[in-house]
Amino acid sequence: MPSSPKLFHQGRPSRRRSTVLILGCCLLIGLSGFVFGLVAILRPGKCSVHEPRSVRVVWEREGGGEGGSGSGGDGARSASRHKVMGFVGIQTGFGSAGRRRSLRQTWMPSDRQGLQRLEEATGLAFRFVIGRTKDQSKMSELKREAAEYADFLLLDIEEEYSMLPYKTLAFFKAAYALYDSEFYVKADDDIYLRPDRLSLLLAKERSHTQTYIGCMKKGQVFANPKLKWYEPLHYLLGSEYFLHAYGPLYALSADVVASLVALRNNSFRMFSNEDVTIGSWMLAMNVNHENNQLLCESDCTTSFIAVWDIPKCSGLCDPEKRLVELHQKERCSRSPTMPSDDD
């Protein structure tokens, strides 16, 4: 039976109404999403993350050349990075002037010429790494000390113990921006170090380009009563943390640091402990873990690289006194490759 022309013409308005309804719904949904997004942006919510906005190096060192100023944003490289085999950032704080004084009396030269001789002999550059504070009197004292010794690298980050994981990430990013180095070393200011032996360790041939060198350990999760259920995942699998290096001294190869530089500060989880934080990132990056117990000796031996009072203290107990005592021992300080005070 042929279709009725009347019925055929009645179907067209119905399809137009459906199309209008669909377009209206889409417009309403889009407008609702826009309004929701605008409210979310303008209203400060509980999910706001307060973190360092940059890792710029703001300390302008005097003299130019190797000691010249430089800056690096998130992932940015300085146009003229200084070439070294290893850059050692000695983490320090505003209450550690005594430790820095003891270090300059022992294994770390106190003058620019001495630092230059040490770099030439070992291929390693050394700088104290510190953040900023709102206390202007402390900043003034630090500026005076830096003007006298010229051995600081100041990060644009608040110097607080609770911010150590952020400071460590800022250090690696800033060091990478300023120095073209095969290894970047994080060290604390309360260990006794043999730079010549650290140099030999870093100079070894390795088949892995992504290397994490340290005195490795597995920390007990039950030692922290405030541990959250998700920190770390290995809590569900056993009673230990994953393998990671003790915090006072470890080294990351350039390829590893390049990956860290590419990270946003909130890309990976920040744990309360800096060494656990770095260790968890190394696990995620699948780097090669190189365990070397010579980096955490409890006394000077014929092959030690660093001495500190593990596990009694996180570094040397009473470091200002112990650094000088160790340095006075011939088996600790004597080395044919270390520049002497008389040079």
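Here are some worked exercises on the sheet, the salt bridges and the disulfides of this structure.

This is a predicted model, in which local features need pLDDT of at least 70 and side-chain atom pairs count only at pLDDT 80 or more, while totals for chains, interfaces and linings use all residues. Residues are numbered from 1 along each chain as its sequence is written, and side-chain values use heavy atoms, with hydrogens and water left out.

**Exercise 1. The sheet**

Work out in which order the strands of the open sheet lie, and which strands are at its edges.

Step 1. Helices (H or I, at least four residues) and strands (E, at least two) are DSSP runs, numbered from the N terminus. Two strands pair if DSSP finds at least two bridges between them.

Step 2. The 7 strands of the open sheet come in the order S3-S2-S1-S4-S7-S6-S8, with mixed pairing. At the edges are strand S3 (152–158) and S8, each of which pairs on one side only.

Step 3. For the twist, axes are lines fitted to C-alpha atoms (for helices over the stretch in contact), and angles run from 0 to 180 degrees between N-to-C directions. On average, and with direction ignored, neighbouring strands of this sheet are turned by 25 degrees against each other.

**Exercise 2. Strand S1 and its partners**

Find how S1 pairs with S4 and with S2, and how many of its residues are buried.

Step 1. S1 and S4 run parallel and are joined by 9 bridges. Here Phe 87 stands opposite Tyr 184 in S4.

Step 2. With S2, S1 pairs in the parallel sense over 6 bridges. Gly 89 has Arg 127 in S2 as its bridge partner.

Step 3. Buried means under 20% relative accessible area, exposed over 50%, and partly exposed in between (1.4 Å probe, protein chains only). Of the 10 residues of S1, 8 are buried, so the strand is mostly covered.

Step 4. For contrast in direction, look at S6 and strand S7 (residues 244–253), which pair in the antiparallel sense over 5 bridges. Gly 214 stands opposite Tyr 250 in S7.

**Exercise 3. Helices on the sheet**

Identify the strands that helices H2 and H4 touch or lie across.

Step 1. Helix H2 (residues 97–105) lies across S1, strand S2 (124–132) and S3, and runs at about 170 degrees to S2.

Step 2. Helix H4 (residues 136–149) packs on the sheet and touches S2 and S3, where contact means heavy atoms within 4.5 Å. The direction of H4 makes about 160 degrees with that of S3.

**Exercise 4. Salt bridges**

Count the salt bridges and describe some of the pairs.

Step 1. A salt bridge is a side-chain nitrogen of Lys or Arg within 4 Å of a carboxyl oxygen of Asp or Glu. By this rule there are 18.

Step 2. One of them joins Asp 180 to Arg 81, with the closest N and O atoms 3.5 Å apart. Asp 180 belongs to strand S4 (residues 179–188) and Arg 81 to the loop between helix H1 (5–42) and strand S1 (82–91), so the pair ties together parts 99 residues apart in sequence. Asp 180 is partly exposed at 28% relative accessibility, whereas Arg 81 is buried at 17%.

Step 3. Another salt bridge links Lys 186 and Asp 188, the closest N and O atoms being 2.8 Å apart. Lys 186 and Asp 188 are both buried.

Step 4. There is also a network of salt bridges that links Arg 100, Arg 104, Glu 145 and Asp 151.

**Exercise 5. Disulfides**

List the disulfides and give their connection pattern.

Step 1. A disulfide is a pair of cysteine sulfur atoms within 2.5 Å, and the structure holds 3 of them.

Step 2. Cys 215 is joined to Cys 296 (S to S 1.8 Å). Cys 215 sits in strand S6 and Cys 296 in the loop between S8 and strand S9 (306–307), so the pair ties together parts 81 residues apart in sequence.

Step 3. Cys 300 and Cys 332 also form a disulfide, their sulfur atoms 1.8 Å apart. The torsion about this S-S bond is about 105 degrees, so the disulfide is right-handed. Cys 300 is buried at 8% relative accessibility, and Cys 332 is buried at 0%.

Step 4. Cys 313 is joined to Cys 317 (S to S 1.8 Å). Cys 313 is partly exposed, with a relative accessible area of 24%.

Step 5. Counting bonded cysteines along the chain, the pattern is 1-2, 3-6, 4-5.
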